[in-house]
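Grab a coffee and work through these exercises with the structure open beside you. Each task comes with a solution that goes step by step.

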Amino acid sequence: MSVEQNIATIKKFVAVGLNEKKIDSIMSEICAPDVVLEAPGVPTAAGQASGFAIFREAVFGWTDAFPDVQVDIASLIVEGNSGSFDLPYSGTHAKEFAGVPPTNEKVHGAELWFVQFDDEGRFKNVRICEYGTPLRAALIAAQAHGVHP
Amino acid sequence: MPTPEEAKNVIRRLFGEVLTDNHVELIDEMYAEDYEFDAPALASGSGPVKTGREAFKARVAAFRTAFPDAHYTVQDIVSDGRIVCTRMEFGGTHAAPFAGFAPTGRDSKVTGIHYALLNEQGKIKKTWAGFTNIAEALAPNPPAES
């Protein structure tokens with residue numbers, strides 16, 4: 001696929017999958033069935049697992065816990081079949097996430113994503129890293145301050 | 001402004017010569033004077049954002065103390081000439097306390113993403129980065145491989 005098509009896929013994933021919370025409507029279009037996900041909280045030593053379900057669950061688990069989450073693309077660079085984007089976000093912690101009960105706090109954070117595409121323009125390898133204050137640490141801090149017993 | 005390939009070579013040099021070969025003296029050459037970085041805290045109580053070459057040298061030294069044989073691999077890299085995005089892996093023997101984790105003595109591998117903003121002269125002006133699996137890799141009893 002062309003760089004332009006890969007950029008369009010990333011923008012569609014962010015707009016539809018994350019901001020509109022309709023990841024199921026585009027999963028087969030944007031994601032290879034054997035996609036490899038590397039992300040904080042994936043419970044293996046290498047922090048990676050593969051398959052449609054693990055990727056869907058990672059996206060759905062986040063957007064479900066923060067139902068008003070909105071993300072931006074702060075930067076997006078694609079070369080060939082590799083692309084990376086910086087994803088600041090904000091959303092209200094309305095359901096349990098990463099073992100932390102809902103705080104109903106508006107939280108802000110940011111993630112770096114590095115995506116490698118297959119020849120059909122679908123996500124083949126997805127790596128996600130948080131930077132700044134990790135989300136779970138921010139939620140625990142909100143609890144620790146006694147605002148949310 | 002550097003070309004994308006020139007910008008990527010700056011970052012390849014960072015991971016190779018500076019961080020793996022431990023030529024920290026190159027930091028003065030490769031980093032802007034007003035350099036700023038945003039990276040995971042190495043110890044509780046320390047904030048994530050630091051400024052200046054000397055603060056970065058201290059961070060590199062902390063890594064080197066915790067992982068005396070630290071080595072980095074650039075797995076993939078993209079750039080527009082201004083920002084360089086690197087898919088990287090860090091490895092080494094976890095020999096001393098690091099980021100709140102007691103030393104395990106294991107050869108650990110941690111993956112991450114590193115972003116660098118270069119200035120017009122091709123010097124590193126700002127970096128921000130994160131790890132993917134540091135909690136799993138440095139845990140006293142790590143989870144299974146898969």
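**Exercise 1. Describe the make-up of chain A and decide how compact it is.**

Start by counting elements: chain A has 4 helices and 7 strands. Next, put them in order along the sequence, and you get α-α-β-β-α-β-β-β-β-β-α. Keep in mind that this is a predicted model.

Now for compactness. The radius of gyration of chain A is 15 Å, and the globule rule gives 15 Å for 149 residues, so chain A is as compact as a globular protein of that length. The C-alpha trace spans about 50 × 30 × 25 Å along its principal axes.

Finally, look inside: 39% of the 149 residues of chain A count as buried. Of the contacts in chain A with a separation of 6 or more, 51% come from residues 24 or more positions apart.

**Exercise 2. Do the same bookkeeping for chain B.**

Count again: chain B has 4 helices and 6 strands. From the N terminus, the order is α-α-β-β-α-β-β-β-β-α. Of its 146 residues, 33% count as buried. Residues 24 or more positions apart make up 55% of the chain B contacts with a separation of 6 or more.

**Exercise 3. Check helix H1 of chain A: does its length agree with or depart from the expected span, and what does the helix pack against?**

Step one is the ruler. H1(A) covers residues 3-19, which is 17 residues, and at 1.5 Å a residue it should span 24 Å. Its end C-alpha atoms are 23 Å apart, which agrees.

Step two is to find the buried residues of H1(A), which are A:Asn6, A:Thr9, A:Ile10, A:Phe13 and A:Gly17. They pack against helix H2 (27-30), helix H3 (52-65), S4, S5 and S6 of chain A.

Step three is to see what comes after the helix. H1(A) is followed by A:Lys21, which has a positive phi, near 60 degrees.

**Exercise 4. Classify A:Gly17 and B:Asp34 as buried or exposed.**

Take A:Gly17, in helix H1 of chain A. The cut-off for buried is 20 or more C-beta neighbours within 10 Å. A:Gly17 has 23, so it counts as buried. Beyond four places in sequence, its contacts are A:Lys22, A:Ile23, A:Ile26 and A:Val59. A:Val59 is 42 residues away in sequence, yet the C-alpha atoms of the pair are 7.8 Å apart.

Now B:Asp34, which sits in strand S1 (residues 31-38) of chain B. Exposed means 12 or fewer neighbours. B:Asp34 has 12 inside 10 Å, so it counts as exposed. From B:Asp34 to B:Phe56 is 22 residues in sequence and 12 Å in space, C-alpha to C-alpha.

**Exercise 5. Work out which parts of chain A touch chain B, and follow one residue of the nonpolar core.**

First, the totals: 26 residues of chain A contact 26 residues of chain B. On the chain A side, strands S4 (75-79), S5 (82-92), S6 (106-117) and S7 (123-131) each supply at least two residues. S7(A) gives the most, with 5 residues. By type, this side of chain A divides into 12 nonpolar, 9 polar and 5 charged residues.

Then turn to the largest nonpolar core, with 66 residues, where A:Trp113, A:Phe123, A:Val126, B:Val84 and B:Cys85 touch the most other members. Pick B:Cys85 and leave out residues up to four places away in sequence. Its partners in chain A are A:Ile77, A:Ser84 and A:Phe114. In chain B, they are B:Ile77, B:Val78, B:Ser79, B:Ile113 and B:Tyr115.

Conventions: Residues are numbered from 1 along each chain as its sequence is written. Chains are lettered from A and ligands numbered from 1 in the order in which they are written. This is a predicted model: local features need pLDDT of at least 70, side-chain atom pairs count only at pLDDT 80 or more; totals for chains, interfaces and linings use all residues. Two residues are in contact if their C-beta atoms, placed from the backbone, lie within 7 Å. Ala, Val, Leu, Ile, Met, Phe, Trp, Tyr, Cys and Pro count as nonpolar, Asp, Glu, Lys and Arg as charged, and the others, Gly among them, as polar. The radius of gyration is taken over C-alpha atoms; the globule rule is 2.2 Å times the number of residues to the power 0.38. A nonpolar core is a set of buried Ala, Val, Leu, Ile, Met, Phe, Trp, Tyr and Cys residues joined through C-beta atoms within 7 Å. The expected span of a helix is 1.5 Å times one less than its number of residues.
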